[in-house]
Amino acid sequence: MTPKEVVGLAKKNNAVMVDMKFMDFLGTWQHFSVPISELEEHLFDEGLGFDGSSIRGWQAINASDMLVIPDPTTAIMDPFMAHPTVSLLCNIVDPITKEKYTRDPRNIALKAEAYLKSTGIGDTAYFGPEAEFFVFDDVRYDSSNNEAFYSVDSVEGNWNTGRDELPNLAHKPRHKEGYFPVSPTDSLQDMRTEMVLLMEQVGISMECHHHEVATGGQCEIDMRFAPLVKCADNLKWYKYIVKNVAKRHNKTATFMPKPLFGDNGSGMHVHQSIWKDGKPLFAGNGYAGFSEMGLHYIGGILKHSRALCAFAAPTTNSYKRLVPGFEAPVNLAYSSRNRSASCRIPMYSPSPKAKRVEVRYPDPSCNGYLAFSAFLMAGLDGIENKIDPGEPLDKDIYALGPEELEGIPTLPHTLEQALHALEEDHDFLLKGDVFTQDVIDQWISYKTENEVSELRLRPHPYEFQMYYDV
């Protein structure tokens, strides 16, 4: 869509507002709105100013002026606004130099796509995330100097089988048995369908939706794969729609990886492949029908996975999901069909177009622009340096004993370990100026100071159960 066509879209739909959406450093959509009178073609060149010092991880107050430049190809009528509103995704630009802002996640993703083309290896990197989430009916939490607690509740929660609900109609999924019974046990079918229809309305190609393994309202909706930047755009619309449809139903949705103890957390398996001139490059005659290039891509992912976790599993809560026993991978191995491996080659279809690698340790708290870009850069490093992924591990890794697991590397156990791994291993991200040293340093610094250190300072409620009587 061109700027002129965006103006036409607004007139056709009687739009009265234009909403400018952009991604902050950590992965949250920010926005501001302007009257439709501001929507002129020069807006797409000149942009609009805002205070970059108020955005997490961005500018200092003495250099706060920044510009948002809307991307005309992203124009969509926002499905939630009471008044007709054109929504535009924006890139961030320095108002003086007019250079694209290096800490803008969408700019990093655009540079990753450009770097792929510059290598000559391929021209398109396809990504397909499978984001899981919980839908709750009540969420309360607080943390102060003398108190800390959280409480989440769901009409589906197995913990509510004995509650007087006037009446209690039962049919609450047992722990780890939410995949995937029909209604009335699955009480969220119609809500997920509403989410899917809205996702299609904003231009996302959808594949399926279903209840997920955990009790208490865990769901999954799968979108069709798309090129890297487009997929990251789609993921933000996906989260926006899930949260706002839940709100319509007086419920609340969260992409927090591990909100419940003792049941599965929410992951986001990310399918990846590289194409050139309309042809898939990962199909071949090797293991599981993979090409040598595809296996080298896996080799790059496995080599850099501990550092990749800093972007793909970027919260302290992420590592409460990445533990044995809850279907999340903790060992760095690859396999076909095997869901206990951190990298899986799906075997649903013999078509060369279906050949891709599924990386299973990311979760939906991540910033898609950064995570997808980091995966692509790691995979390209594997291809460029012909990194051997080693032998596949076609066993149930969860069931292996200590002797069999010896020598198989593991994912980090904490965000702090992941950030340290990124500090030690990030040269592959700097190629083509995709990630800059400033971005790496700022990510590590922000996460350490505002998340790792802040959590370390606070007593945990369970510590009272363990230690109060010492």
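Buried means under 20% relative accessible area, exposed means over 50%, and partly exposed is what falls in between (1.4 Å probe, protein chains only). This is a predicted model, where local features need pLDDT of at least 70, side-chain atom pairs count only at pLDDT 80 or more, and totals for chains, interfaces and linings use all residues. Residues are numbered from 1 along each chain as its sequence is written, and side-chain values use heavy atoms, with hydrogens and water left out.

**View 1. V139 helps make a nonpolar patch on the surface.** Start with V139, which sits in strand β8, residues 138–143. (Strands here are DSSP runs of E with at least two residues, helices are runs of H or I with at least four, and both are numbered from the N terminus.) V139 counts as partly exposed because its relative accessibility is 35%. Together with Y141, Y150 and F261, V139 makes a nonpolar surface patch of about 560 Å². Such patches are made of residues with over 30% relative accessible area and no salt bridge; nonpolar side chains (Val, Leu, Ile, Met, Phe, Trp, Tyr) are joined within 5 Å, like charges within 9 Å. The areas come from the Shrake-Rupley method with a 1.4 Å probe, and for residues only the protein chains shown count as cover.

**View 2. D138 and R140 pair up in a salt bridge.** A salt bridge is a side-chain nitrogen of Lys or Arg within 4 Å of a carboxyl oxygen of Asp or Glu. For D138 and R140, the closest N and O atoms are 3.3 Å apart. D138 has 35% relative accessibility, so D138 is partly exposed. R140, at 44%, is partly exposed too. Searching the whole structure turns up 22 salt bridges.

**View 3. D153 reaches R163 through another salt bridge.** Here the closest N and O atoms are 2.8 Å apart. This pair links distant parts of the chain, 10 residues apart: D153 belongs to strand β9 (residues 148–153), while R163 is in the loop between β9 and α4 (189–201). Is D153 buried or exposed? D153 is buried, because its relative accessibility is 17%. R163, with a relative accessible area of 34%, is partly exposed.

**View 4. R458 meets E454 side chain to side chain.** Their salt bridge spans 2.8 Å, N to O. R458 is partly exposed at 43%, and E454 is partly exposed at 33%. Elsewhere, salt bridges that share partners tie D153, R163, E165 and K172 into one network.

**View 5. Helices α5 and α8 pack together.** Two packed helices are described by the angle between their axes and the distance between the axes. For α5 (residues 228–248) and α8 (residues 368–384), the angle is about 150° and the axes are 9 Å apart. That makes α5 roughly antiparallel to α8. Axes are lines fitted to C-alpha atoms, for helices over the stretch in contact, with angles from 0 to 180 degrees between N-to-C directions. Under 35 degrees counts as roughly parallel, over 145 as roughly antiparallel, 65 to 115 as roughly perpendicular, and the rest as oblique. The crossing of α5 past α8 is right-handed; that is, the near helix is turned clockwise from the far one by less than a right angle, whereas anticlockwise would be left-handed.

**View 6. P402 belongs to helix α9.** The helix covers residues 402–405. P402 has 75% relative accessibility, so P402 is exposed. From P402 to H296 is 28 Å, C-alpha to C-alpha, with their places 106 residues apart in sequence.
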